[in-house]
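Biologist: Got a minute to go through this one with me? I'd like to start with confidence and then get into the packing.

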Amino acid sequence: MTEADFDFLRALLHVRSGLSLGQDKRYLAESRLGMLCRRRGIDGLSTLVQALRPGTDLLLENAVIEAMTTNETLFFRDRTPFDLFRDVILPEKLTANAASRTLRIWCAAVSTGQEAYSLAMILDEMAARLVGWKVEILGTDISSEVLEKARAGIYSQFEVQRGLPIQMLLRHFRQDGDKWQVSERIRAMVELKPHNLLLPNSHFGQFDIIFCRNVLIYFDVPTKAKVMAALAQRLTADGVFVLGAAETVIGITTTIVPDKSHRGLYRESRSSNAQSAGLGLPFDRTRTPTLSSIRG
């Protein structure tokens, strides 16, 4: 792959998905896109780039994005966010939302579904306290391939052994040979939809809780700021935000601030002057870099 081809791919991925691909990730692009070429019968990466340059093959562009998107996840990943959800966030929301008896949760980078189903299992075990409540879990992801797997809810023995307590496996899964499928009851608690975090999200409405974990690390700072500002607009006035262990909002946005008592938990700050800092505005597609200068 030539330097010009790699620069084109980097720009394409940044514009379409927000992914910031450094020079040190060239080997990753060559490996993953090489496999894509072999699956599609494309004669090498240069031929792939030539097919992408006109900007007319959106299916091929989507395939490249899916190939380059990291979808590593597991049940109850990092554990602490789920302990916070059960022990801190839910009791708080059960009190705050007692009048409306509604609870809306968004897993903004749901991948193959483990995060959303982990939350659903916690909620299911609290079913007695949620009688009469309307609880919604929305899971979104840019990749249609991982959403298909999430909808099926079928995982290998290796996947269910990673982070999932044995009692939850036996209670909420059905075994079929060497595969395990999430119960229909738990799957019915989660709605899965495609969504690119760079695009408008107002049609999703407002949420009490947003999980957006281990995705911001792949964006550059300006993209992180735009994504965080857009997500903040979807939080209710007393909403909470959960990031990954290696992620932070410090230096990125002032619309969401760290909770002083719980690491990894963030709250929406209506009083902050984020707009004056240029971070509180909704994502503007007209200001997104384009590929016109490099399509050639």
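What follows is a chat about confidence, helix packing and aromatic contacts.

Biologist: First off, what is the mean pLDDT of the protein chain?

Modeller: Bear in mind that this is a predicted model. The chain averages a pLDDT of 86, and 90% of its residues reach 70 or more.

Biologist: And where is confidence lowest, and where is it highest?

Modeller: The low end is helix H12, residues 292-295, with a mean of 43. The high end is strand E1, residues 102-107, at 98.

Biologist: Which residues have pLDDT under 50?

Modeller: Residues 271-296 stay under 50 throughout. The model still has 43 contacts for that stretch beyond four places in sequence. Where pLDDT is low, though, the predicted coordinates should not be read in detail.

Biologist: Fair enough. Switching to helices: at what angle do H2 and H4 pack?

Modeller: Helix H2 (residues 26-40) and helix H4 (residues 58-68) pack at about 135 degrees, and their axes are 9 Å apart. The two are therefore oblique to each other. Their crossing is right-handed.

Biologist: Which residues make that contact?

Modeller: From H2 you have Leu28, Ala29, Arg32, Leu33, Leu36 and Arg40. H4 brings Leu59, Leu60, Ala63, Val64, Ala67 and Met68.

Biologist: What about H1 and H3, left-handed or right-handed?

Modeller: Left-handed for that crossing. Helix H1 (residues 3-17) packs on helix H3 (residues 45-52) at about 50 degrees, with 10 Å between the axes. That angle makes H1 oblique to H3. Asp5, Phe8, Leu9 and Leu12 of H1 make the contact with Ser46, Val49 and Leu52 of H3.

Biologist: And how far apart are the axes of H5 and H6?

Modeller: They're 10 Å apart, with helix H5 (residues 80-96) and helix H6 (residues 114-125) at an angle of about 45 degrees. So H5 is oblique to H6, and the crossing is right-handed.

Biologist: Who meets whom there?

Modeller: On the H5 side, Phe82, Phe85, Arg86 and Leu90. They meet Glu115, Ser118, Leu119, Ile122 and Leu123 in H6.

Biologist: Let's do rings, then. How many aromatic pairs are there in the whole structure?

Modeller: A search of the whole structure turns up seven. Phe82 and Phe85, which you just saw facing H6, belong to one aromatic cluster together with Phe76 and Phe211.

Biologist: Which charged end sits over the ring of Phe76?

Modeller: That's Arg79, whose charged end is 4.7 Å from the centre of the Phe76 ring. Another arginine, Arg104, lies over the face of Phe207, at 4.2 Å from the ring centre.

Conventions. Residues numbered from 1 in each chain as written. Predicted model: local features only at pLDDT ≥ 70, side-chain atom pairs only at ≥ 80, totals over all residues. Heavy atoms only, no water. Phe/Tyr/Trp six-rings, centres within 6.5 Å; stacked < 30°, edge-to-face > 60°. Lys NZ or Arg CZ within 6 Å of the ring centre and 35° of its normal. pLDDT = per-residue confidence, 0-100. Helix = DSSP H or I, 4+ residues; strand = E, 2+ residues; numbered from the N terminus. Contact = heavy atoms within 4.5 Å. Axes fitted to C-alpha atoms, helices over the stretch in contact; angles between N-to-C directions. Parallel < 35°, antiparallel > 145°, perpendicular 65-115°, else oblique. Left-handed = near helix turned anticlockwise from the far one by under 90°.
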